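Here are some notes to read alongside the model, written for someone opening it for the first time. Take them one point at a time, with the structure in view.

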Number of protein chains: 2
Amino acid sequence: MTKQRTGTIPVDPTSAEPCCAPLSARRISHEAADRLAPAFRALGDPVRLRLMSMIASAPGGEICVCDLTPAFDLSGPTISYHLRTLREAGLVDAERRGTWVYYRPRPAMLRQLARLLAVDGTTGG
Amino acid sequence: MTKQRTGTIPVDPTSAEPCCAPLSARRISHEAADRLAPAFRALGDPVRLRLMSMIASAPGGEICVCDLTPAFDLSGPTISYHLRTLREAGLVDAERRGTWVYYRPRPAMLRQLARLLAVDGTTGG
DNA sequence: CCTCTGATTCGAGAAACGTCAAGACAGCCT
DNA sequence: AGGCTGTCTTGACGTTTCTCGAATCAGAGG
């Protein structure tokens with residue numbers, strides 16, 4: 001039995017439809033809350049927030065795990081666990097090329113979350 | 001010894017300085033990650049995401065707990081626990097007026113999170 | 001004062017999370 | 001093939017989270 005590999009995801013947030021008006025515009029639906037909360041939860045850990053930022057701000061649009069791990073005082077498996085959490089939340093994508101594994105952001109999901117948090121008068125802030 | 005009451009907060013995210021460029025613009029600092037991750041974590045639960053939306057979209061800018069509780073299949077204390085989590089994350093404010101307690105959103109914190117998630121080309125769809 | 005209603009805090013238990021060491025897998029190189 | 005390096009998975013352990021019932025606090029009103 002072949003286990004799932006890098007990039008395969010149990011629940012598929014790949015289908016990031018352009019969902020959901022801002023929280024302040026109308027009440028979010030029960031289902032949308034169930035679908036989007038995991039993404040916020042994934043960002044709700046300082047390590048993962050930093051990982052997300054390192055990935056999202058990577059110069060070539062992607063970054064090697066080998067460049068992520070040494071930035072933390074954590075074991076390899078722990079970083080791998082956090083990266084998987086980000087992957088399963090639909091926030092990043094992973095691809096193996098030869099020896100190394102590269103991570104990329106998923107702008108669609110980030111946009112969806114940003115839109116949800118948008119406040120009336122954001123431009124004025 | 002008087003315990004803390006509604007509105008008093010252990011760690012004070014009230015000082016919501018206009019912090020932090022988008023995640024994709026540069027790497028978030030260690031400290032900013034520590035300070036903002038709790039807010040994302042607070043939104044990382046379906047119940048709290050719905051509560052946040054109900055509060056943020058309340059017609060008069062505020063909503064009574066008595067209108068929040070019946071919307072969920074959860075006990076009063078559980079709703080109260082989630083509301084406190086949102087309060088301590090700096091996402092909402094509470095005020096007691098007579099018998100009832102009213103909750104208001106904190107747009108500054110929401111803006112801060114939205115800005116952090118902003119993606120280059122958000123306006124471009 | 002006592003009681004009643006609404007909201008929070010306290011105490012406890014089940015489930016999920018974050019971390020690591022050990023092991024497994026994937027791809028290079030000799 | 002065999003060894004080496006980089007990454008991920010597994011198993012285990014302590015901590016945190018989520019939930020509830022019971023108790024407590026805050027006001028309104030008899």
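**Notes on the DNA, the strands and the chain contact**

1. Let's begin with the DNA. Of the atoms of DNA strand D within 4 Å of the protein, 81% belong to sugar or phosphate, while the rest belong to bases. Do keep in mind that this is a predicted model, so to speak of any distance here is to speak of a computed value.

2. Who sits around that strand? There are 28 residues surrounding DNA strand D, and the closest are Y103(A), S75(B), T78(B), Y81(B) and H82(B). By class, the surface near DNA strand D has 10 nonpolar, 8 polar and 10 charged residues.

3. Now the elements behind that surface. In chain A, α3 (65-68), α4 (76-88) and β3 (100-105) each supply at least two residues of the surface near DNA strand D, and α4 (76-88) of chain B does so too. The largest share comes from α4(B), with 4 residues.

4. Three side chains of chain B are worth clicking on for their phosphate distances. H82(B) has a polar side-chain atom 2.4 Å from a phosphate oxygen of DNA strand D. For T78(B), an N or O atom of the side chain is 2.5 Å from a phosphate oxygen of DNA strand D. D45(B) also places a polar side-chain atom 3.5 Å from a phosphate oxygen of that strand. Both T78(B) and H82(B) are on the list of closest residues as well.

5. Next, the strands of chain A. Strand β2 (residues 92-97) pairs with β3(A) in the antiparallel sense over 6 bridges, and D93(A) stands opposite R104(A) in β3(A). In the hairpin of β2(A) and β3(A), 2 residues lie between the strands, and G98(A) takes a positive phi near 70°.

6. β3(A) has another antiparallel partner: strand β1 (residues 63-64) of chain A, over 2 bridges. Here I63(A) has Y103(A) as its bridge partner. You have met Y103(A) already, among the residues closest to DNA strand D.

7. What is the strand order in the open sheet of chain B? The order is β1-β3-β2, with 3 strands and antiparallel pairing. The edge strands are β1 (63-64) and β2 (92-97) of chain B, each pairing on one side only. Between β1(B) and strand β3 (residues 100-105) of chain B there are 2 bridges, and the two run antiparallel. C64(B) stands opposite Y102(B) in β3(B).

8. On to the contact between the chains. Chain B gives 37 residues to the contact, and chain A gives 37 residues. About 3,100 Å² is buried between chain B and chain A, 70% of it on carbon and sulfur atoms.

9. How many salt bridges cross the interface of chain B and chain A? There are 2. R41(B) forms a salt bridge with D45(A), with the closest N and O atoms 4.0 Å apart. Polar contacts are there too: 10 residue pairs across the interface of chain B and chain A, both residues at pLDDT 80 or more.

10. Finally, look at the side of chain B that touches chain A. α1 (30-43), α2 (46-56) and α5 (107-117) of chain B each supply at least two of its residues. The largest share, 8 residues, comes from α1(B). By class, this side of chain B has 21 nonpolar, 8 polar and 8 charged residues.

Methods
Residues numbered from 1 in each chain as written. Chains lettered and ligands numbered in written order. Heavy atoms only, no water. Near = heavy atom within 4 Å. Polar contact = N/O pair within 3.5 Å; in protein donor to acceptor, adjacent residues only side chain to side chain. Nonpolar A, V, L, I, M, F, W, Y, C, P; charged D, E, K, R; others polar. Pairing = 2+ DSSP bridges. Contact = heavy atoms within 4.5 Å. Buried area = accessible area lost by both parts, 1.4 Å probe. Salt bridge = Lys/Arg side-chain N within 4 Å of Asp/Glu carboxyl O.
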